[in-house]
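Let's take a walk through this protein together. Keep the 3D view open and turn it as you read.

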Amino acid sequence: MGPLISQAARERFDQFIRATVAQGAQVVTGGEPRPGPGWFYAPTVLSAQSAEPELALAGVFGPVVLVRQVRDPEEAVAAANSSRFGLAASVWGRNLDAARAGGQPALDAGTVTINDAVTTHRPRVGPLSAEPKASGFGRVHGVHGIREFAQTQVEQTRHAGGLRPQLFPYSQRIPTLLKAYLRLFHR
């Protein structure tokens with residue numbers, strides 16, 4: 001089978017796949033609706049040699065992954081950061097220090113996993129965040145997630161009465177105070 005989606009979503013998904021192939025991607029597997037009842041679409045793997053197919057696929061939400069080979073970790077980070085989306089990213093490698101160096105803070109994503117699939121569930125101690133890019137909204141889990149439910153308020157208190165030359169009606173002493181200020185601090 002495959003993931004069940006609505007008829008309109010299946011047609012839109014198919015448009016994304018066709019546009020991505022038109023931009024130079026190759027279908028490795030899937031890439032078409034499944035026959036039979038329902039609106040199933042086959043999980044799809046695409047490969048590409050350039051960024052153009054990635055741009056055509058930007059914003060798709062469905063059973064699809066596009067794989068693109070890059071020359072080095074710097075090119076991989078630049079490719080990932082060029083997207084307007086940043087819900088999550090994953091870095092893979094045998095050398096954990098190198099993988100971490102290619103992850104946070106180099107990747108502009110809310111969640112970065114090392115040697116693990118990008119997941120939407122997180123331990124409760126760590127937040128899941130999409131900020132600052134255009135995928136998802138806010139944060140969940142951890143201290144940062146709890147703070148999403150808080151409204152920061154600043155309170156400033158002064159004693160009643162007292163000199164407030166900046167408030168209307170303006171004090172007649174303002175010119176005198178300004179001259180004294182200028183003499184003291186700006187000779």
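Look at helix 1 from the side that faces away from its buried residues, and you'll find the exposed residues Ala8 and Ala22. Keep in mind that this is a predicted model. Now flip to the other side: Arg10, Phe13, Asp14, Phe16, Ile17 and Thr20 are the buried residues of helix 1. Looking down the axis of the helix, these buried residues fall within an arc of 155 degrees, so they line one face of helix 1. What do they pack against? Their partners are strand 2 (44-48), helix 2 (52-57) and strand 3 (64-68).

You can also check the length of helix 1. It covers residues 7-22, which makes 16 residues, and at 1.5 Å a residue it should span 22 Å. The C-alpha atoms at its ends are 22 Å apart, so the expected span and the model agree. Just after helix 1 comes Gly24, which takes a positive phi of about 115 degrees.

**Stepping back to the whole chain**

How many helices and strands does the protein chain have? There are six helices and seven strands. Starting at the N terminus, you meet them in the order α-β-β-α-β-α-β-α-β-β-β-α-α. Of the 187 residues in the protein chain, 24% are buried. Now take the contacts with a separation of 6 or more: residues 24 or more positions apart account for 41% of them. As for the outside, the protein chain exposes about 13800 Å², and carbon and sulfur atoms supply 58% of that area.

**Charged pairs**

Side chains of opposite charge can pair when their charged atoms come close. This structure holds three salt bridges, and here they are:

| Salt bridge | Closest N to O distance |
|---|---|
| Arg18 and Asp14 | 2.4 Å |
| Glu54 and Arg68 | 2.7 Å |
| Glu75 and Arg71 | 3.5 Å |

Start with Arg18 and Asp14. Both sit in helix 1, and because they are four residues apart there, about one helical turn separates them. Is Asp14 buried or exposed? Its relative accessible area is 18%, and the cut-off for buried is under 20%, so Asp14 counts as buried. Arg18, on the other hand, is partly exposed, with a relative accessible area of 49%. Asp14 has other company too: leaving aside its neighbours within four places in sequence, it is in contact with Gly31, Pro33 and Tyr41.

Next comes the salt bridge between Glu54 and Arg68. This pair links distant parts of the chain, with Glu54 in helix 2 and Arg68 in strand 3, 14 residues apart. Glu54 is partly exposed, at a relative accessible area of 26%.

That leaves the salt bridge between Glu75 and Arg71. Glu75 is partly exposed, with a relative accessible area of 23%. Arg71 is exposed, and its relative accessible area is 73%.

**A nonpolar patch on the surface**

Now turn the model until you can see Tyr181, Leu182, Leu184 and Phe185. Together they form a nonpolar patch on the surface, with about 460 Å² of accessible area. Which helix holds Tyr181? Tyr181 lies in helix 6, which covers residues 174-185. With a relative accessibility of 42%, Tyr181 counts as partly exposed.

**Two loop residues to find**

Most residues other than glycine have a negative phi, and most peptide bonds are trans. With that in mind, have a look at Asn115. Its phi is near 55 degrees, a positive value in a residue other than glycine. You'll find Asn115 in the loop between strand 5 (111-114) and strand 6 (128-129). Asn115 counts as partly exposed, with 32% relative accessibility.

The other one is Phe85, in the loop between helix 3 (73-81) and strand 4 (88-91). Phe85 has a relative accessibility of 23%, so it counts as partly exposed. How many ångströms separate the C-alpha atoms of Phe85 and Asp108? These two residues are 23 residues apart along the chain, and their C-alpha atoms are separated by 9.0 Å.

Definitions and conventions
Residues numbered from 1 in each chain as written. Predicted model: local features only at pLDDT ≥ 70, side-chain atom pairs only at ≥ 80, totals over all residues. Heavy atoms only, no water. Expected span 1.5 Å × (residues − 1). Buried < 20%, exposed > 50% of the residue type's maximum accessible area, 1.4 Å probe, protein only. Arc of directions from axis to C-beta. Contact = heavy atoms within 4.5 Å. Patch = residues over 30% accessible without salt bridge, like charges linked within 9 Å, V, L, I, M, F, W, Y side chains within 5 Å. Areas by Shrake-Rupley, 256 points an atom, 1.4 Å probe, with all protein chains shown as cover. Salt bridge = Lys/Arg side-chain N within 4 Å of Asp/Glu carboxyl O.
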